[in-house]
Amino acid sequence: MARASKEKKIIVGSILREKRKAAGLKQHEVAKAISKSRSAYAYYETGVTMPDYDSLSKLSRIYNVPIEIFDGESEKLSAPEPVYRNDWDNSLSFADLSKFEQEIILKVRAMNKPEKERLTDYLGMKDE
């Protein structure tokens, strides 16, 4: 990845902060999901450093946004999709889940396609 300008780092940081807050997550929760320290993630949000491609890829999956949003190609930020849905209780939000359940969801959202396929095979599920 080419060296990012200070302005781009700040823009990416503000997108990350907005998406994290909209999802009701804390910095340390997101950092753990992408295998980074809380301070490293905080540096991303404050524009001190730019996440590497692998981290941006995981973050785009966690926040359910296209990775191109971090290149400035998507002007309008879309609202995050609900992290948890079921037919019997539409009022359940991510914040209502236990920390353990939240951590599982974050880990699954950060997985790439082959990792998700292995997990769904293991669980005997079909990936949506």
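**Helix faces and core packing in a predicted all-helical model**

Helix 5 (residues 99–110) makes a convenient starting point: at 1.5 Å a residue, its 12 residues should span 16 Å, and the end C-alpha atoms are indeed 16 Å apart, in agreement with that expectation. Here the expected span is 1.5 Å times one less than the number of residues, and helices are DSSP runs of H or I with at least four residues, strands being runs of E with at least two, numbered from the N terminus. The model is a predicted one, in which local features need pLDDT of at least 70 and side-chain atom pairs count only at pLDDT 80 or more, while totals for chains, interfaces and linings use all residues. Residues are numbered from 1 along each chain as its sequence is written, and side-chain values use heavy atoms, with hydrogens and water left out.

The protein has six helices and zero strands, so to speak an uninterrupted α-α-α-α-α-α order from the N terminus on. Buried residues (under 20% relative accessible area, with exposed meaning over 50% and partly exposed in between; 1.4 Å probe, protein chains only) make up 35% of the 128 residues. About 8,400 Å² is exposed, 52% of it supplied by carbon and sulfur atoms; these areas come from the Shrake-Rupley method with a 1.4 Å probe, and for residues only the protein chains shown count as cover. Among contacts (heavy atoms within 4.5 Å) between residues at least 6 apart in sequence, 58% join residues at least 24 apart.

Returning to helix 5, its buried residues are Q102, I105, L106, R109 and A110. Seen down the helix axis, these fall within an arc of 130°, so they line one face of helix 5; the arc is taken over the directions from the helix axis to the C-beta atoms. The buried residues of helix 5 pack against helix 2 (27–33), helix 4 (53–62) and helix 6 (113–123). In helix 4 sits S60, which is buried with a relative accessible area of 7%. The C-alpha atoms of S60 and A110 are 8.2 Å apart, although 50 residues separate the two along the chain. Leaving aside residues up to four places away in sequence, S60 touches V65, P66, I67 and F70.

Helix 3 (residues 38–46) can be described in a similar way. Its buried residues are Y41, A42, Y44 and E45. Viewed down the axis of helix 3, they fall within an arc of 155°, so they too line one face of the helix. They pack against helix 1, helix 2 and helix 4. Just after helix 3, G47 takes a positive phi of about 80°.

The structure holds one aromatic pair. Y41 and Y44 form this pair, which is edge-to-face, at 6.2 Å centre to centre and 75° between the planes. Rings of Phe, Tyr and Trp (its six-membered ring) pair if their centres lie within 6.5 Å, with planes under 30 degrees apart counted as stacked, over 60 as edge-to-face and the rest as tilted. The two tyrosines, Y41 and Y44, lie three residues apart in helix 3, about one turn of the helix.

Y41 also reappears in the largest nonpolar core, a set of 25 residues in which L16, L25, Y41, L59, I62, Y63 and F70 touch the most other members. Helix 1 (6–22), helix 2, helix 3, helix 4 and helix 5 each supply at least two residues of this core. Such a core is a set of buried Ala, Val, Leu, Ile, Met, Phe, Trp, Tyr and Cys residues joined through side-chain atoms within 4.5 Å. Beyond four places in sequence, Y41 touches L16, R20, Q27, V30, A31, I34, L59 and Y63.
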